[in-house]
Amino acid sequence: MTIKKISFWMFIRNSFLIIAVILLFWIILNQIVMELEQHRYPPLGQLVEVNGDKMHVYVKGEGEKTIVLLSGAGTAAPALDYEPLIKEMAKNNRIVVVETFGYGWSETTNKKRTVENIVEEIRTALYKANIKGPYILMPHSISGIYSLYYANKYPDEIKAIICNDCTLPQVVDYFNESIPTIPRYINVLASTGATRLAVYLNSAKYLPEAENGTYSLENLEKTKILSAWNLGNKNIIAEVNEINHNIDKTVNMSFPTDTPVLIFTKYSDRITTNGKTMEAFYQKQINHLSTKKLVVLRGHHYLHWSNFKEISKTVYDFINTF
C-alpha cells in the first residue's frame with residue numbers, strides 16, 4: 001500500500017473520529033442543557049402519578065362547568081399552546097389542560113398509545129388532580145378519537161363535547177384516505193439533540209401562527225424549549241403510528257344521543273369528485289343529536305391561535321343552553 005493510500009484512509013478514519021466526538025459532545029451537552037432548563041422552567045400546574053409516571057395537569061379559572069382541553073398529536077406544549085384560549089374561557093369556567101404522556105411537562109411512558117390506555121390515563125390524571133366531573137371535553141385534532149371513545153365508554157362522566165377541528169374516526173372512510181406514519185428512527189435522531197438543533201435553526205416553524213401580542217414572550221420562549229424536549233419522542237411517534245389501530249377500534253362509535261356536541265371546523269374550499277366536504281362530514285356525525293352546532297371558521301388547523309375570542313364566546317353561549 002502506497003503512502004498516498006495510507007494517508008487517504010487515515011484522513012477518512014480521523015474524520016469519522018472527529019464527527020463521533022462532536023456528536024457525543026452534542027448529545028451530552030443536550031442532556032445537560034435539558035436538565036438545567038427543567039429546573040429553570042418548572043411545570044405550570046401539578047404533576048400527578050399515573051401508572052408509575054408523572055402527568056402534568058394545569059388548571060385555571062373557576063366556574064360550575066369544567067372544560068378539559070386535549071391536544072392534537074405533535075403539539076409539544078399543550079398548556080402553552082392553548083394560552084390565549086385559556087385566558088378567555090377561564091373568565092367563566094374552570095379550564096383544565098391534561099398533557100398526556102410525551103407532551104408538555106409530562107413524562108414519557110412505556111405503555112402503548114392505544115385509545116384505551118390514553119383515555120384511562122386522562123381519567124386517572126383528572127382523579128389524581130382532584131378534578132371532578134362530569135366534564136366538557138374539548139379535543140383538538142387527533143384527541144377527537146379519544147373523546148369519542150371516552151364518551152361511549154363512560155357517558156356519565158361527560159357533560160358535552162366541543163370539537164376544535166378534531167379528528168373523528170369515520171373521516172378516513174369518508175374521504176377514502178390513509179393515515180401517515182412516522183419512522184421510528186426519528187426518535188433516535190431526537191434523542192441525539194437533533195430536535196433542539198432544528199428548533200434553534202428555525203424556531204418560527206415551532207411557534208403558533210398568531211398576531212404579535214397574542215402569546216407572551218415568555219410563553220414563546222418556553223414553547224421553543226419544550227419543543228426541543230418533546231418533539232420526536234417515543235410517545236409522540238408511537239401515538240401517530242397507532243392512529244390506524246385506534247380508528248379501527250372506534251370507527252363504529254358515534255356521539256351518544258344525549259351528549260351535546262359543538263364542532264368548530266376550519267373553512268376549506270376542498271370538494272372531492274363526489275362532492276364531499278369536511279363541513280358535510282361533520283354535519284353527518286351530529287345529525288342524530290338533539291343538541292348540536294357546527295361552526296365554520298377561517299384560520300389554521302389550530303383555530304385557537306387566531307380565533308380564540310370567537311371560540312370562547314360561542315362555547316359560552318352553547319354550554320349555557322343545557
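The following exchange introduces the sheet, the helices packed on it, and the cavity and second largest pocket of a predicted model.

Colleague: In what order do the strands of the open sheet run?

Modeller: The sheet is built from 8 strands, and their pairing is mixed. From one strand to the next, the twist averages 20 degrees. The order is β1-β2-β4-β3-β5-β6-β7-β8.

Colleague: Which strands stand at the edges of the sheet?

Modeller: An edge strand here has a single partner strand, so one side of that strand is left without a neighbour in the sheet. Two strands fit this description, one covering residues 46-50 and the other residues 292-297. They are β1 and β8.

Colleague: What is the bridge partner of T265 in β8?

Modeller: Strand β7 comprises residues 261-266. It pairs with β8 in the parallel sense, over 6 bridges. For T265, the bridge partner in β8 is V296.

Colleague: What angle does the direction of helix α12 make with that of β8?

Modeller: Helix α12, residues 278-286, packs on the sheet and touches both β7 and β8. Its direction and that of β8 make an angle of about 165 degrees.

Colleague: To which strand does helix α5 run at about 155 degrees?

Modeller: Helix α5 spans residues 143-153. It lies across β3 (66-70), β5 (135-139) and β6 (158-164). The strand to which the angle of about 155 degrees refers is β5.

Colleague: Which charged residue belongs to the lining of the largest cavity?

Modeller: The structure holds 1 cavity of 30 Å³ or more, and the largest cavity has a volume of about 60 Å³. By class, its lining has 5 nonpolar, 4 polar and 1 charged residues. The lining includes L70, S71, G72, Y103, S143 and Y146. Asp, Glu, Lys and Arg count as charged, and the residue of that class in the lining is E239.

Colleague: Which helix gives the most to the lining of the second largest pocket?

Modeller: The second largest pocket has a volume of about 530 Å³. Of the 25 residues that line this pocket, the closest to its centre are M34, Q38, S106, W229 and N230. Helices α1 (3-40), α7 (185-191) and α9 (217-230) each supply at least two residues of the lining. The helix that gives the most, with 4 residues, is α1.

Colleague: How many charged residues does the lining of the second largest pocket have?

Modeller: The lining of this pocket divides by class into nonpolar, polar and charged residues. There are 10 nonpolar and 12 polar residues. The number of charged residues is 3.

Note on methods:
Residues numbered from 1 in each chain as written. Predicted model: local features only at pLDDT ≥ 70, side-chain atom pairs only at ≥ 80, totals over all residues. Heavy atoms only, no water. 1 Å grid on protein atoms, 1.4 Å probe; cavity = no way out; pocket = protein on both sides within 12 Å on 5 of 7 lines; lining within 4 Å. Points joined across faces, edges and corners; volume = space filled by probe spheres on them. Pairing = 2+ DSSP bridges. Axes fitted to C-alpha atoms, helices over the stretch in contact; angles between N-to-C directions. Contact = heavy atoms within 4.5 Å.
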